[in-house]
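Subject: Structure handover

Hello,

Please find the structure below. My notes on cysteines, cavities and one strand residue follow it.

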Protein chains: 2
Amino acid sequence: MAQEKKLVEAITSMDEDFAQWYTDVVKKADLMEYSSLRGCMIFKPLGYALWENMRNELDRRFKEQGVENVYMPLLIPESLLQKEKDHVEGFAPEVAWITQGGLNELQERICVRPTSETLFCEFYKNDIESWRDLPRLYNQWCSVVRWEKETRPFLRSREFLWQEGHTAHATAEDALEWTIMILNLYGDFLEDFLAIPVIRGQKTDKEKFAGAEATYSVESLMHDGQALQAGTSHYFGDGFAKAFGIQYTDRDNQLKYVHQTSWGVTTRMIGAVIMVHGDDSGLVLPPRLAPTQVMVIPIQQRKEGILDAAAKIKEELSAVARVKVDDSDKSPGWKFSEQEMRGIPIRIEIGPRDLAANQCVAVRRDTREKTIISLDELTTEIPKLLETIQHDMFERAKAHRDSHINDARDYEEFKEIVKTKPGYIRGMWCGDRACEDKIKEETGATSRCIPFEDHDRISETCVCCGKPAEHLVYWGRAY
Amino acid sequence: MAQEKKLVEAITSMDEDFAQWYTDVVKKADLMEYSSLRGCMIFKPLGYALWENMRNELDRRFKEQGVENVYMPLLIPESLLQKEKDHVEGFAPEVAWITQGGLNELQERICVRPTSETLFCEFYKNDIESWRDLPRLYNQWCSVVRWEKETRPFLRSREFLWQEGHTAHATAEDALEWTIMILNLYGDFLEDFLAIPVIRGQKTDKEKFAGAEATYSVESLMHDGQALQAGTSHYFGDGFAKAFGIQYTDRDNQLKYVHQTSWGVTTRMIGAVIMVHGDDSGLVLPPRLAPTQVMVIPIQQRKEGILDAAAKIKEELSAVARVKVDDSDKSPGWKFSEQEMRGIPIRIEIGPRDLAANQCVAVRRDTREKTIISLDELTTEIPKLLETIQHDMFERAKAHRDSHINDARDYEEFKEIVKTKPGYIRGMWCGDRACEDKIKEETGATSRCIPFEDHDRISETCVCCGKPAEHLVYWGRAY
């Protein structure tokens, strides 16, 4: 009992201190551990399994679009990183430099990749010769290093896992179409698979990727009302192609520059899942993502037939769900706490009375709702319940998100909302960087994106300077 | 035609120059490309797909044994690497050192992981408390960096991809049993999946891993008669546990040290597949590994119905095999060369006369044997043919290996065999490091392993010094 108390007590309430709640959950749900090197984290089995499931599903969706996986070196010579001016300015201040190889000083510094545009460009320069070679639709799954000062598990760390897609196309139109297609693929993945509603849109110039012509993003809203950029897709035009000399011979026999894109999502999506769906008992995983979807917990397991019944439930359900039995010698209460902390979508309780009645109790992690299910109907009822949970989690997150969008028509209103109402602020913008800078400096809110779908002109003037407005922007404090 | 000639001509014959043949194949089969940083390579789509297929199959086999995947940081502080004396002596000379993070000099050098024993040990020290926590069966898929001087694609490069398993057990027996189980898992994988016969055995002390009590390996023989170590499994006893203080409370309430193992296979297995199965037309892939198992090539594809028939074959076969159609505007001869170069196990030719007779021609990549198959029987015949090819490739590689094992009873005979007969040499050994050193220095051959299954005592004296012999050893020149 002392142990059980410890597990539950150790979680700070999310309303009391959201940041501490987050830290508690990542540790207590056994997702990660800190390493002795500041800013680097260890993915424990559950944390890594979440990434594996995301990876497998995304990889399947990429391959449906014709994407092929490759692997580029971890190491980039300094001279290569410097080939595209904006790019190196954006990344050089935060890379880790290797200066010694084995027992020797290196003649040229080598950086550990912070991203791989330069490597792909160097490769494409020789790999692409004619229009027949286009498009090149390459992706890699790897880790990258960025020497961040402030770090938080999954959200910002000195090394993180991600995929980075890098494509080369014959025309600007093809490249731009691909950029948007991938952004929608990310949005669909987040909504269908992670049950996280997103706003899809374009970043302002201030917030775009170093070296990109345009950056598009999917933006999600955490439970505390702070925004989190969950994925980005960049359109490069022919900027990198010109810096690296990537040309192809077109059908008309003319040498032309390719047009490129890059796009990525990272392990910070794990942070988003925690902060969108979690509660004061820990993690709540959407069923499609959950490594274990059902935990069978026998009650009074020493009584005759109970462990057998639990094993039989597991065996039957294995055909339709990812299921485990907890037949350890811990108490049921302890097992419940663990299953809840680790976010397993359904708990099945089976005890002597249930067994006598040929039934069991299914408890939803998200709502704690209990349903009595006949043992004969498990293989039809549990998959239905998992789908219901997946659906409800998305709808709940969407309702939360929608109820945290407020409109500001002038700067006073904007500042008041930032102070009092967590969430997105919809506000018109003149297009000037100066207004973005001022808003950030004075309120802490940044432009999240210019949304694709929301064309509401809520006023005719910039929410900051009052000059004529160009775009509707979603603003917010962000992770 | 000029182009076709180029593709075929560009391959050096393997009998003429095996090393050049290898280099030609990795490039012409589109497996890899060199990066501008010496010793680092780029995995192109086919090269990476081979690794993905190996990874997926091994990962499935690991998980059947209860292994869980985790992810440890890429970066190791120097002080951590130094905790186990033998280990750091083995690795320090070949690591890449980071000395600058962002714009600052680091206070302590950080190395890019050459292997992760130290990280796992540091983690296990706090993660393991009681006998209930054991065994810990963790694995990670990642890349590692070793500052090698001589490099060759897939076989030895400054960065390579691998998996590294790291387990902690309650007793020495449990750990040793696991070490051997994994070695056999590797052996079975190589034989069943890659069609590469292996010799399973123990490394001599000279050849064992830095910090291990015992190293076991699976050894394979390439077409040119040189050996290649295809995987290793290490037993650490409690050496690392004592260096790192990894203790657990046993059932008897006593604090005890854990016993550990580590084990890994790398992308050099791709090199083994090339050098065991390849021929003068390029790569030959075993069907279970092949990303594309069947390539349908239409003949006179502009004739009515041919492309439709090819598409229909693909559609039907997709249920039972990984199949593609090459309906590009290249000539059939060019397509054949490409399919052969890329090692696709079966080519299906379908032309007007075949179609009229409701049949097609299936050509085996390994033997070039042609079979006429009725279009009505494709979905039963092609899977059978793939299995036959898989089986025959293994048997052929085994016959080649077995015909390249020679016995040496004294040193004169040993030296003569090294000079004249490529392959393994079976020779008795006294157990002295001095003999191993002498053999290596004077003949270039190294001890591959003391085999598990072969207990033939071919003589009573050491093949080098003539003193009483302890073990039968397989010797050979190795990659």
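A disulfide here is a pair of cysteine sulfur atoms within 2.5 Å. Please keep in mind that the model is predicted.

Cysteines

By that rule, there are 0 disulfides over all chains. Two cysteines show how this comes about. For B:C465 the closest cysteine sulfur belongs to B:C435, and the separation is 3.6 Å, so the two are too far apart for a bond. B:C465 has a relative accessible area of 34% and is therefore partly exposed, since that class runs between 20% and 50%. In chain A, the sulfur of A:C430 has its closest cysteine sulfur in A:C435, at 3.7 Å, which is again too far for a bond. A:C430 is buried, because its relative accessibility is 10% and the limit for buried is under 20%.

Cavities

How many cavities of 30 Å³ or more does the structure hold? There are 4 of them.

The largest cavity encloses about 320 Å³. Its lining consists of 21 residues, and those closest to its centre are A:W141, A:C142, B:Y48, B:W141 and B:C142. Chain A contributes two or more lining residues from each of α3 (45–64), β7 (136–145) and β8 (159–169), and chain B does so from α3 (45–64) and β7 (136–145). Sorted by class, the lining has 15 nonpolar residues, 2 polar and 4 charged.

The second largest cavity has a volume of about 50 Å³. Among the residues that line this cavity are B:E117, B:F120, B:C121, B:Y124, B:H166 and B:T167; B:F236, B:F240, B:Q260, B:T261 and B:S262 also belong to the lining. Which element gives the largest share of this lining? That is α6(B), with 4 residues. In chain B, α6 (117–127), β8 (159–169) and β14 (259–266) each provide at least two lining residues. By class, the lining of the second largest cavity has 5 nonpolar, 5 polar and 1 charged residues.

A strand residue in chain B

B:N406 is part of strand β20 of chain B, which covers residues 405–407. Is B:N406 buried or exposed? With a relative accessibility of 17%, B:N406 counts as buried. Setting aside neighbours within four places in sequence, B:N406 is in contact with B:I417, B:K421, B:Y424, B:I425 and B:R426.

Regards

Methods. Residues numbered from 1 in each chain as written. Chains lettered and ligands numbered in written order. Predicted model: local features only at pLDDT ≥ 70, side-chain atom pairs only at ≥ 80, totals over all residues. Heavy atoms only, no water. 1 Å grid on protein atoms, 1.4 Å probe; cavity = no way out; pocket = protein on both sides within 12 Å on 5 of 7 lines; lining within 4 Å. Points joined across faces, edges and corners; volume = space filled by probe spheres on them. Nonpolar A, V, L, I, M, F, W, Y, C, P; charged D, E, K, R; others polar. Buried < 20%, exposed > 50% of the residue type's maximum accessible area, 1.4 Å probe, protein only. Contact = heavy atoms within 4.5 Å.
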